[in-house]
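Student: Please take one part of this structure and go through it closely. I would like the salt bridges, with their surroundings.

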Amino acid sequence: MRGQPSRELDLDGALQGAPAPPLEFADGSFELIQAPSAFTRIDLGWAEWLLEARRLLDDGGLLVIGLADPAAFEGLTGEGWDESRVGMTALAPLNGSGSRVVFHSEWWLRAHWGRAFEVLAIDEKDGRRQVSLRSRAEPISAAELERPEPGEDRELSAASANAAYLRSQVDRMERSHRTELDEQREDMNRELMRRAYAEADLDWARRGPLATLVAAEYEATTSWRLTKPLRAAGKILRRGR
């Protein structure tokens, strides 16, 4: 038996600390469920969470889900928003930190989410895109929600575009990591040189003007001593091959 429906559930808050459905609520517990940002972050397991939201809705209940901004998509890809090339696309931030941002095109939402819900509207509220849904009575599985729409050519074009976006992001991250490594190498070399000159200056001050070694010899000797641990580690690695 269903419990008495509550007024509203904030699904974003309920999902915190919940790795997978179900949530600890009875079937049909809510008249209104809102998820302002949850489905802009969920790329794996989205179908299971969508069906969990449907389970929690009372008969005639309303589910309102926030959608990612097309402008953010353009910022991450450098391309204009093209419905036929989006479908459901998950993109990582350019700086490599933070969670992925998941984008949905209208045709994809109607084709996939429309199997479990009646799509009432896809519009904007307070400058943010959202989709309003009402449950359908027919039973459906997560696998059925995920399967491509038969006869929909945009499924293939969106999948191909997604693969291209992923390759582009991998290439971008590889270039970024290579740049970081080069910068770290330069920083290490500058630090070694700074230490070498500092020790050479100190040794020169101790020995006075009668010293027979020039500054370049000081640098070479100090660098050799500073890099001794690295050479020793290299010998160990070569022995282990």
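**Salt bridges and their settings**

Tutor: D43 has a relative accessibility of 23%, so it counts as partly exposed (between the limits for buried, under 20% relative accessible area, and exposed, over 50%; 1.4 Å probe, protein chains only). The model is predicted: local features need pLDDT of at least 70, side-chain atom pairs count only at pLDDT 80 or more, and totals for chains, interfaces and linings use all residues. Residues are numbered from 1 along each chain as its sequence is written, and side-chain values use heavy atoms, with hydrogens and water left out.

The partner of D43 is R100. Their side chains form a salt bridge at 3.4 Å, N to O (a side-chain nitrogen of Lys or Arg within 4 Å of a carboxyl oxygen of Asp or Glu). The link joins distant parts of the chain, 57 residues apart: D43 sits in the loop between β2 (30-35) and α2 (46-56), R100 in the loop between β4 and β5. Helices (H or I, at least four residues) and strands (E, at least two) are DSSP runs, numbered from the N terminus.

Now R100 itself. Its loop runs between β4 (88-91) and β5 (101-104). R100 is partly exposed, at 39% relative accessible area. Its side chain also makes a polar contact with the side chain of D43, at 3.4 Å. Such a contact is a pair of N or O atoms within 3.5 Å; within protein, one must be able to donate a hydrogen and the other to accept it, and residues adjacent in sequence count only if both atoms are side-chain atoms. Leaving out residues up to four places away in sequence, R100 touches T40, R41, D43, A90, L91, A92 and P93 (contact: heavy atoms within 4.5 Å). I42 lies 58 residues from R100 in sequence, yet their C-alpha atoms are 8.2 Å apart in space.

Next, a pair within one helix. The side chains of E52 and R55 meet in a salt bridge of 2.7 Å, N to O. Both residues belong to α2 and are three residues apart, about one turn of the helix. An α-helix has 3.6 residues a turn, so residues three or four places apart point the same way. E52 is buried, with a relative accessible area of 6%. R55 is partly exposed, at 23%. The pair is part of a wider arrangement: D27, E52 and R55 are linked in a network of salt bridges.

A further pair is R115 with E149, whose side chains meet at 2.6 Å, N to O, in a salt bridge. R115 is in the loop between α4 (106-112) and β6 (117-125) and E149 in the loop between α5 (142-146) and α6 (153-207), so the bridge ties together parts that are 34 residues apart in sequence. R115 is buried, at 14% relative accessible area. E149 is partly exposed, at 28%.

By the salt-bridge rule, the count comes to seven. As for the protein around them, its secondary structure comes to eight helices and seven strands. Of its 241 residues, 34% count as buried. Among contacts between residues at least 6 apart in sequence, 64% join residues at least 24 apart. The protein exposes about 14,800 Å², with carbon and sulfur atoms supplying 53% of it (Shrake-Rupley method, 1.4 Å probe).
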